[in-house]
Every structure is written in structure tokens, then in C-alpha cells.
Amino acid sequence: SRRQRRKLNGRLDLRRTLRANAGHDGVPFDLVFKYKRRDKPRIVAICDVSGSVSSYARFLLMFLYALARNVTDLRTFAFSAELYDVGAPLSRLDFESAMAWILRECGSGSTDYGRAFADMNERHWDCIDRQTTVLVLGDGRSNNTDPRLDLFREMADRSKRVVWLCTEAERRWGTGDSCMLRYLPYCSHVSHCATIADLERAVDEVLQAYA
């Protein structure tokens, strides 16, 4: 927001300025400026809260909680296997209560990214369009289930961009049941995210697309 206010100087629109001052013999009493239209951030956040990210769950949910209070056009979802819309608890409850509800309702079960993307496709696909940044939070470990790359690719095609914040370091991507290297080609930006500094950089990356 501060960055955008600093850029609001605009450029003089000479043609419109001359038309606006036709009654003043061309003396430009009223200046007309060109402003670049800036889209408001529209974000769909999909957060893994399964056992494989249990040590990061509080960190990731705190991020979702902060987003819910600062981005007006935001949809938030959490999953371990089945996907849940968690917008209501994030907006109505204090953080500790919201976190407890999400972990209780969404955090049980084995990790299944493919199931989560299938649920997204069946129930909430219409909330993703060409102005939407899809933000995925998780380690990309899908417990050897079908990662549904077809749906992830379609989601990337429908959206403005896909940003994945991975809780694992890059050297572990693709090891064991990690599908990160398979999802990677369809992401606009992927980064390791395990600290507040990482989050700050990642959020700046997301918002730059709307600057």
C-alpha cells in the first residue's frame, strides 16, 4: 500500500489536459494525469495442515490468520486429505481458537494433495480466475498418492500465477514421497519458507504481481 501511494504521481496526459482547458484559451489551469490501473490482490490460499508439516502448522496458520485480516479478496482452505473452507473460523475466532478448530477438523488423516486439488476442482473452482494468485503452503509430500498434476496444471492455467511456499529445503524436494519437482514446472514462484523473513520475501513476491 505504501509503495503504491508513492507511485501515484502519474504522468501528464497532454491531450486530455488541452481538452479540459479549451475554455481557458489553452492555458492549463486543470491538469489531467495518467494513472496506471493497479489490481487489488485476489488470493486463494491452500494450506497443508497434515502430520508431515505438524512442526510448521502453527507458523502456516498464523500466516493465514494474518492474511485474512489484511487482504480483502481472500479465500482460505486447509487440508490433510479432504479440503475445507476455513474462511469462517479465521475471520470470526481469535487465533488460538481458529487454529484449534482447523487442526481438529482438517488435520487428521494422511496427506493427499491430489484429493485436496480434486475437492478444489469440484467445489471451489469458480473462485480461481485470471486475476487470482493461488498460494500453496506445504511440503508437497503426498504420501505416495496420485498428485493430480492434471488438476494442478489446469489450476495454474486458470490463475494469474501460482506461488508455492514449501516448508522443506530445496535439497529435499523430490526425495521420498515429495512431489515438489513434479509440481514445480507449473508454479510461477517456489521458495523455501520456514521463517518470518522467508514469509516477508514471499508476500512481497505475491504482491509485486499486482503493483
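The following dialogue considers helix α7, the loop that precedes it, and the confidence of the model.

Visitor: What average pLDDT does the protein have?
Guide: This is a predicted model, in which local features need pLDDT of at least 70 and side-chain atom pairs count only at pLDDT 80 or more, while totals for chains, interfaces and linings use all residues. Residues are numbered from 1 along each chain as its sequence is written, and side-chain values use heavy atoms, with hydrogens and water left out. The term pLDDT denotes the predictor's confidence in each residue, from 0 to 100. Of the residues, 80% score at least 70, and the protein averages a pLDDT of 84.

Visitor: Over which residues does pLDDT stay under 50?
Guide: Where pLDDT is low, the predicted coordinates should not be read in detail. The model has ten contacts beyond four places in sequence (contact means heavy atoms within 4.5 Å) for the stretch concerned. The stretch with pLDDT under 50 is residues 1-8.

Visitor: Within what arc do the buried residues of α7 fall?
Guide: Helices (H or I, at least four residues) and strands (E, at least two) are DSSP runs, numbered from the N terminus. In α7, residues 149-158, the buried residues (under 20% relative accessible area; exposed is over 50%, partly exposed in between, with a 1.4 Å probe and protein chains only) are Leu149, Leu151, Phe152, Met155 and Ala156. These buried residues line one face of the helix, because, seen down the axis of α7, they fall within an arc (taken from the directions from the helix axis to the C-beta atoms) of 160 degrees.

Visitor: Which elements are included in what covers the buried residues of α7?
Guide: The cover includes both strands and helices. Among its members are β3 (42-48), β6 (132-138), β7 (161-166), α6 (113-123) and α8 (180-183).

Visitor: How far does the backbone nitrogen of Arg148 lie from a polar atom of the side chain of Asp146?
Guide: Asp146 is in the loop between β6 and α7, and Arg148 is placed in that loop as well. Asp146 is exposed, with a relative accessible area of 51%, whereas Arg148 is partly exposed at 26%. The separation asked for is 2.9 Å.

Visitor: Which residues does Asp146 contact, leaving aside its neighbours within four places in sequence?
Guide: The C-alpha atom of Asp146 is separated by 8.2 Å from that of Arg115, 31 residues apart along the chain. With those neighbours set aside, Asp146 is in contact with Asp112 and Gly114.

Visitor: What is phi of Asn144 near?
Guide: Asn144 is found in the loop between β6 and α7 and counts as exposed at 68% relative accessibility. Its phi is positive in a residue other than glycine, near 60 degrees.

Conventions: Polar contact = N/O pair within 3.5 Å; in protein donor to acceptor, adjacent residues only side chain to side chain.
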